[in-house]
Amino acid sequence: MIKKYQLGFTLVEVVIAALIIVAITGSIMYGVATTDNSLRNVELRHYAFNTLSNKMEEFKAQVALNRIQTSSDRDRRVCIEYKTIRDMVNGSGVGNGCRTIGYLSHNIRNRKTESNHAHIFDIEASLKYKVMSRFGRAGKDTVIKLNVSQLVFD
Amino acid sequence: MLSIKLNKGFTIVELMVSVMIATIIVGGLIYIVGESNFYLSKQMYRENVKKYADNVINDIFLSTINANEVNIENQGQIICGFKTADGLVDSLKVYDFRINQGILVDGKPLETAFFHNKDKNKNYYMQVVEFKAKSGFDGIGVGSDLREAVINVFLGIQLNYRRGGRKVTESFPFQKTIFIRKAAVYSNQ
């Protein structure tokens, strides 16, 4: 009697093994891409918050000194991240030196008070910017907001 | 007589293939561990730069909003003057910088911020390449009081570290706009 020995793997076994390897590699790559983008988004949020708080300082000065330039504005382009230190110092705005652009909106309102010598101003400012999508492209819009009330005496 | 040849163990081809696979897997693992180690170190270096810049900028912010006079005339220097009740300037706080020592307050390194300089570790160190302040509102049509009350502080830090034998340099720009509540700013810009 001749016994036939089958050495090696069947096609089904090889395909299953390949699928498992692809699934493991894919999930590792997905995890790495997601972590990388999450870190970048945290960094962008930090830059956006700094830009917004810097703009808020300007608005507070305008209100305190009664030199309000524009009481309301929508989607003004501002640079939230510069490419180099020199670009930042030269104030290259939203030109070539800007890596990430944001859109600033603000509204300054004089709240009605009973006093003739004191005024309360409500300053609302928001900054819209694009967060990174999973594979490194600019994705959906994110908005951060800051509200400040400022008391001004005549 | 029936002779049976028994093949026990592996052939040389099987051994070589398994050794190659093992080498690839171990090599890949070593690469991944090395990369993640480097990545973690790099993130730590970056965090240290940001922490240093945050501390410096906070210190300058607190000094300038409480100062009676702020002078940004000299490039690379911010001078805060504090007055007594009779209106005389009785103390000064001078912010200055040295490329390898960081930001100095009255000639001494800032106590609240740790600057990793070249002398301590040649493989990882920071350098201050830019430090200046200028008026926040430039241009025609802006009142002089507004121009003098808002300053922009710029701080540029360069981070240097090594990857293998290669030197890597990264630049970090930081900016803080400060509305000086009490101060009269003397600026020639």
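## A walk from helix α1 to the nonpolar cores

Start by selecting residues 11-64 of chain A: this is helix α1, with 54 residues, and it reaches 78 Å from its first C-alpha to its last, close to the 80 Å expected at 1.5 Å a residue. Keep in mind as you click around that this is a predicted model.

Now go to the residue A:Asn66, which follows α1(A) and has a positive phi, near 55 degrees.

Next, bring up both chains and look at where they touch. Chain A puts 13 residues into the contact, and chain B puts in 18 residues. On the chain A side, color α1 and α2 (85-90), since each supplies at least two residues of the side that touches chain B. α1(A) gives the largest share of that side, six residues. Color that same side of chain A by residue type and you'll get six nonpolar, three polar and four charged.

To see a residue with neighbors in both chains, pick B:Val150. From chain A it touches A:Glu57, A:Glu58 and A:Ala61, and its partners in chain B include B:Phe137, B:Thr177 and B:Phe179, leaving aside residues up to four places away in sequence.

B:Val150 also takes you to the largest nonpolar core, which has 30 residues. Select B:Val70, B:Ile78, B:Ile151 and B:Leu155 along with B:Val150; these have the most contacts inside that core. Then show the elements of chain B that give it two or more residues, among them α1 (12-66), β3 (89-98) and β8 (166-179). Which strand gives this core its largest share? That's β7(B), with five residues.

Last stop: a second, separate core of 18 residues, where you can select A:Leu52, A:Ile80, A:Tyr82 and A:Ile85, which are included in it.

Key
Residues numbered from 1 in each chain as written. Chains lettered and ligands numbered in written order. Predicted model: local features only at pLDDT ≥ 70, side-chain atom pairs only at ≥ 80, totals over all residues. Helix = DSSP H or I, 4+ residues; strand = E, 2+ residues; numbered from the N terminus. Expected span 1.5 Å × (residues − 1). Contact = placed C-beta atoms within 7 Å. Nonpolar A, V, L, I, M, F, W, Y, C, P; charged D, E, K, R; others polar. Core = buried A, V, L, I, M, F, W, Y, C linked by C-beta atoms within 7 Å. Buried ≥ 20, exposed ≤ 12 C-beta atoms within 10 Å, placed from the backbone.
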